[in-house]
Amino acid sequence: MAAGALSRGLGVVQSMVGHPEGLPLARIAEEQDLPKSAAHRILVTLVEEGFVRQHEPSGNYALTLKVVGLGLRHLASSTIFELAVPVLARLATESGQLVRLGLVDGEQLLWVAKSQGARAGLRYDPDPDHGSEIPFASSASGVAWLSRLTDDEALRLVARQDYDERHPAGRNAPTSLAEVQARIHEARERGWAHVHDSVEEGISAMATPLVDPDTGTPLGVVSIAGPSLQLPDSRMRELAPRLLETAAELSGLAGSLSQEIRARSELGASS
């Protein structure tokens with residue numbers, strides 16, 4: 001009985017893969033050949049456990065980032081991650097700040113690895129964030145990635161991402177799409193983005209995109225973040241060349257990692 005319930009639950013999860021907008025209860029029940037009442041009980045359990053959320057006002061059910069986070073934590077043991085972490089660690093040591101790697105997953109940007117360079121004193125060390133989604137408009141990493149897209153595509157993605165507990169905004173966060181667009185243009189011209197007190201009070205960050213060396217496709221970002229007192233504009237300008245060098249080194253690894261994520265995702269969807 002337990003095995004049957006688990007099988008039905010996994011089937012419901014698989015139905016929602018590839019549907020970020022969510023699916024209605026009736027369709028999920030139909031795809032899994034389940035009574036609506038049984039499908040609803042499974043979905044209620046998945047919502048309670050944090051793996052699924054219900055969109056309003058449509059009522060559709062969609063997977064949460066908790067599912068993505070589990071997969072990314074599993075991938076963290078892969079050879080590619082083992083190669084990437086030392087690269088992050090070098091920049092963390094040189095900057096004395098937190099260095100993080102974010103990768104594109106569909107229309108999301110997710111943290112997948114980090115290295116802390118601060119050994120004592122004042123430092124920025126957020127709660128574990130592997131697999132968590134990066135806010136586009138208010139973060140340096142989000143703006144850096146958007147700078148590799150067209151303005152129309154970038155602003156479409158910004159408009160879709162609501163500010164909530166997963167996408168906090170500090171006092172210097174942009175308040176209009178025009179302001180977001182100005183930040184994107186600045187990052188595009190400079191080659192890297194920067195923010196002060198935009199996501200969290202007292203925290204500054206700089207970031208640059210990772211791109212596929214063959215196609216130019218944006219694959220993710222690498223960022224340096226720390227207390228604003230330690231990361232004024234002058235310090236960011238000093239660190240910018242090393243940030244760009246690190247991004248170039250990581251771009252090839254990010255391309256390989258993106259292929260690995262897609263391959264494993266397709267394997268899971270087909271099994």
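Which residues on the other side of helix 7 are exposed? They are Asp152, Ala159 and Arg160. The model is predicted, and helix 7 is a good place to enter it.

**Helix 7**

Helix 7 covers residues 151–160. Its buried residues are Asp151, Ala154, Leu155, Leu157 and Val158. Viewed down the helix axis, these buried residues fall within an arc of 155 degrees, so they line one face of the helix. What lies over that face? The cover on the buried residues of helix 7 includes helix 6 and helix 8.

**The chain as a whole**

The chain holds nine helices and seven strands. It has 271 residues, and 48% of them are buried. Take the contacts between residues at least 6 apart in sequence: 60% of these join residues at least 24 apart.

**The cores**

In soluble globular proteins, nonpolar side chains tend to be buried together. Here, the largest nonpolar core has 27 residues. Phe136, Trp145 and Leu146 have the most contacts inside this core. At least two core residues each come from strand 4, helix 6, helix 7, helix 8, strand 5, strand 6 and strand 7. Helix 6, residues 140–146, gives the largest share, five residues. Another core lies apart from this one. It has 24 residues, among them Leu88, Val222, Ile224 and Leu243.

Leu146 shows how the larger core is knit. Setting aside neighbours within four places in sequence, Leu146 is in contact with Phe136, Ala154, Leu157, Val158, Ile184 and Arg188. Of these partners, Ala154, Leu157 and Val158 are among the buried residues of helix 7.

**The aromatic pair**

How many aromatic pairs are counted? The count comes to one. Phe136 and Trp145 form it: their ring centres are 5.5 Å apart and their planes meet at 40 degrees, so the pair is tilted. Tilted is the class between the cut-offs of 30 and 60 degrees. Phe136 is buried, with a relative accessible area of 2%. Trp145 has 4% relative accessibility and is buried as well. Both values fall under the 20% limit for buried residues.

**The sheet**

Five strands form an open sheet. Their order is 4-3-7-6-5, and the pairing is antiparallel. Strand 4 and strand 5 are the edge strands, each pairing on one side only. From one strand to the next, the twist averages 20 degrees.

Two pairings within the sheet can be set side by side.

| Strands | Sense | Bridges | A facing pair |
|---|---|---|---|
| Strand 3 and strand 7 | antiparallel | six bridges | Leu101 and Val222 |
| Strand 5 and strand 6 | antiparallel | four bridges | Ala193 and Ala207 |

Strand 3 runs over residues 98–105, and strand 7 over 218–227. Val222 of strand 7, which stands opposite Leu101, is also listed in the core of 24 residues.

Strand 5 covers 193–196 and strand 6 covers 203–211. These two strands form a hairpin, with six residues between them. In the turn, Asp197 has a positive phi of about 55 degrees.

**How the parts meet**

The sheet and the largest core share elements. Strand 4, strand 5, strand 6 and strand 7 each supply at least two residues of that core, and these strands belong to the sheet. Helix 7 and helix 8 contribute at least two residues each as well, with helix 6 giving the largest share.

Technical notes. Residues are numbered from 1 along each chain as its sequence is written. This is a predicted model: local features need pLDDT of at least 70, side-chain atom pairs count only at pLDDT 80 or more; totals for chains, interfaces and linings use all residues. Side-chain values use heavy atoms; hydrogens and water are left out. A nonpolar core is a set of buried Ala, Val, Leu, Ile, Met, Phe, Trp, Tyr and Cys residues joined through side-chain atoms within 4.5 Å. Buried means under 20% relative accessible area, exposed over 50%, partly exposed in between (1.4 Å probe, protein chains only). Contact means heavy atoms within 4.5 Å. The arc is that of the directions from the helix axis to the C-beta atoms. Two strands pair if DSSP finds at least two bridges between them. Axes are lines fitted to C-alpha atoms, for helices over the stretch in contact, and angles run from 0 to 180 degrees between N-to-C directions. Rings of Phe, Tyr and Trp (its six-membered ring) pair if their centres lie within 6.5 Å; planes under 30 degrees apart count as stacked, over 60 as edge-to-face and the rest as tilted.
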